[in-house]
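User: I'm new to this structure and would like to learn how to read it. Could you walk me through a few features?

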Amino acid sequence: MPFDRLFRDQLDTLKAEGNYRYFADLTRRCGAHPRATNTTEDGVAREVTVWCSNDYLGMGHHPDVVAAMARTAQTCGTGAGGTRNISGTQHQHLELEAELADLHGKAAALIFSSGYVSNWATLSTLGSRLPNAVILSDAGNHASMIEGIRHSKARKVIWAHNDVADLERKLAALPANATKIVAFESVYSMDGDIAPIEAICDVAETYGAMTYLDEVHAVGMYGPRGGGVAEERGLMDRVTVIEGTLGKAFGVMGGYIAGSAEVCDFIRSFASGFIFTTALPPAIAAAATASIRHLKESRAERDLQKRQVARLRAGLDRHGIPHMANDSHIVPVLIKDPVKTRMLSDYLMDEWGIYVQPINYPTVPKGTERLRFTPGPAHSDADIDHLVDALNVLWKQCAVARATA
């Protein structure tokens, strides 16, 4: 049977729709963030400025973080040797979990190999093992949360995005004996909007529901110590489980949950995504710990990042470049056409040395295609002005609609 033909037909359809994903060949250079070297298909190396990294604060290049990783690799070697229940928990794992528990004001934390895995493993375990579980999922939740809920085989109820009234209606309709789990995010990564966490907690508490908050795009970024939006708003103690990542603002890799000692032990004991997955290398754990400790004490990176976000938005407004309004660090510029989004991305790279990946379906709904910019503290004023100038020129060349007052 011609299996490759079956694969090729669907790939050809994806390309014709403008939704095929091309990966740029990039080499990050330590200490040079947001600069990187792009190697073209014909082998030419050129410098580009990265505008879409989720290393939001450049912590992947911070000297303390790099030194912690290098030092620990020299001491402990590269890998963890296997799963934690077979090869043993490394001391660096325990240090990292203690640091995360402290960050979120919780009794315990548990680390995973990625934020995707921490969401998938935790939600699937909660939904499958708690009696009469019903998971109420925000309509905008990430694919990792959706997959975890689906895998749990628990009853799923979707409530309208950030619509607390709809959440309350759906909680009120559930039977009294249901174990209710309200799952939502703080900062939604594609639109950059922020959940009304306090109102969600109010409703969840009224109906005896536990809350599961994904702070993946918020940890390190918000709150006096980088604990996320829940810390910024003084709500961490009201959230049952906080989930986060080490691979974005903390600049390393891995995921985690933080909560009571009981819930973390429950997930540790029953989640296949934890039990059967190779543990994070100790050098990764040590680097993440160093990053968290730094951002607990330093506000400089967050303050400068906020300044640069405001500068970029002001520049876009001056030229009528349409961008989605939100209170976060994410600046989505709407194109609303997958082919044109890809074309603008290529022009920015080839003609202006600006790397931004197009965001198309299925990451976002069809008709909402965009370029997603994440300005950070290492982007200079000149970098921002260069980006705005480039977009202004391309908006004219490509006849893209401008924002109206």
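User: Let's begin with a single residue: does Ser-144 count as buried or exposed?

Analyst: One thing up front: this is a predicted model. For burial, you look at relative accessibility, and under 20% is the cut-off for buried. Ser-144 has 2% relative accessibility, so it counts as buried. You'll find Ser-144 in helix α6, residues 143–152.

User: Which residues is Ser-144 in contact with, beyond its neighbours within four places in sequence?

Analyst: For contacts, skip the sequence neighbours and see who remains. For Ser-144 that leaves Tyr-116, Asn-119 and Trp-120. With Asn-119 there is also a polar contact of 3.1 Å, side chain to side chain.

User: What about Ile-86: buried or exposed?

Analyst: Same kind of reading, with over 50% as the cut-off for exposed. Ile-86 counts as exposed because its relative accessibility is 69%. Ile-86 sits in helix α3, which covers residues 84–87. You can also compare sequence with space: Ile-86 and Ser-152 are 66 residues apart along the chain, and their C-alpha atoms are 25 Å apart.

User: And where does Leu-26 fall, with a relative accessible area of 30%?

Analyst: Values between the two cut-offs are called partly exposed. At 30%, Leu-26 is therefore partly exposed. Leu-26 belongs to strand β1, residues 26–28. Setting aside residues up to four places away, Leu-26 touches Thr-37, Asn-38, Val-48, Val-50 and Tyr-355. As for Trp-352, 326 residues separate it from Leu-26 in sequence, while the C-alpha distance is 16 Å.

User: Now the inside. Which members of the largest nonpolar core touch the most other members?

Analyst: To read a core, look for the members with the most partners inside it. Here the core has 56 residues, and Leu-100, Val-182, Phe-184 and Leu-246 touch the most other members. Helix α12, residues 282–297, gives the largest share of this core, with six residues. There is also a second, separate core of 29 residues, with Leu-344, Val-356, Leu-387 and Val-388 among them.

User: What does Phe-184 touch?

Analyst: Leaving out residues up to four places away, the contacts of Phe-184 include Met-145, Trp-159, Ile-197, Ile-200 and Leu-213. Asp-138, Asn-141 and Asp-214 are also on the list.

User: How many cavities of 30 Å³ or more are there?

Analyst: For a cavity, ask about its volume and then its lining. The count comes to two. The largest holds about 100 Å³ of space. Its lining includes Arg-84, His-93, Phe-112 and Phe-274, and β4 (108–112) and α11 (272–275) each supply at least two residues. By class, that lining has five nonpolar, five polar and one charged residue.

User: How much space lies in the second largest cavity?

Analyst: About 40 Å³. His-33, Asp-55, Tyr-56, Pro-375 and His-379 are among the residues lining this second cavity. That lining splits into four nonpolar, six polar and one charged.

User: Last one: which element gives the most to the lining of the second largest pocket?

Analyst: With pockets, you can also ask who supplies the wall. The second largest pocket has about 370 Å³ of space. Of the 16 residues lining this pocket, Tyr-22, Phe-23, Ala-24, Arg-342 and Asp-346 are the closest to its centre. β2 (35–39) and α14 (338–352) are the elements giving two or more residues, and α14 gives the most, with five. By class, the lining has five nonpolar, five polar and six charged residues.

Note on methods. Residues are numbered from 1 along each chain as its sequence is written. This is a predicted model: local features need pLDDT of at least 70, side-chain atom pairs count only at pLDDT 80 or more; totals for chains, interfaces and linings use all residues. Side-chain values use heavy atoms; hydrogens and water are left out. A nonpolar core is a set of buried Ala, Val, Leu, Ile, Met, Phe, Trp, Tyr and Cys residues joined through side-chain atoms within 4.5 Å. Buried means under 20% relative accessible area, exposed over 50%, partly exposed in between (1.4 Å probe, protein chains only). Helices (H or I, at least four residues) and strands (E, at least two) are DSSP runs, numbered from the N terminus. Contact means heavy atoms within 4.5 Å. On a 1 Å grid over the protein atoms alone, a cavity is a set of points where a 1.4 Å probe fits but cannot get out, and a pocket is an open set with protein on both sides within 12 Å along at least five of seven lines; lining residues have an atom within 4 Å of a point. Grid points are joined across faces, edges and corners, and a volume is the space filled by probe spheres set on the points. Ala, Val, Leu, Ile, Met, Phe, Trp, Tyr, Cys and Pro count as nonpolar, Asp, Glu, Lys and Arg as charged, and the others, Gly among them, as polar. A polar contact is a pair of N or O atoms within 3.5 Å; within protein, one must be able to donate a hydrogen and the other to accept it, and residues adjacent in sequence count only if both atoms are side-chain atoms.
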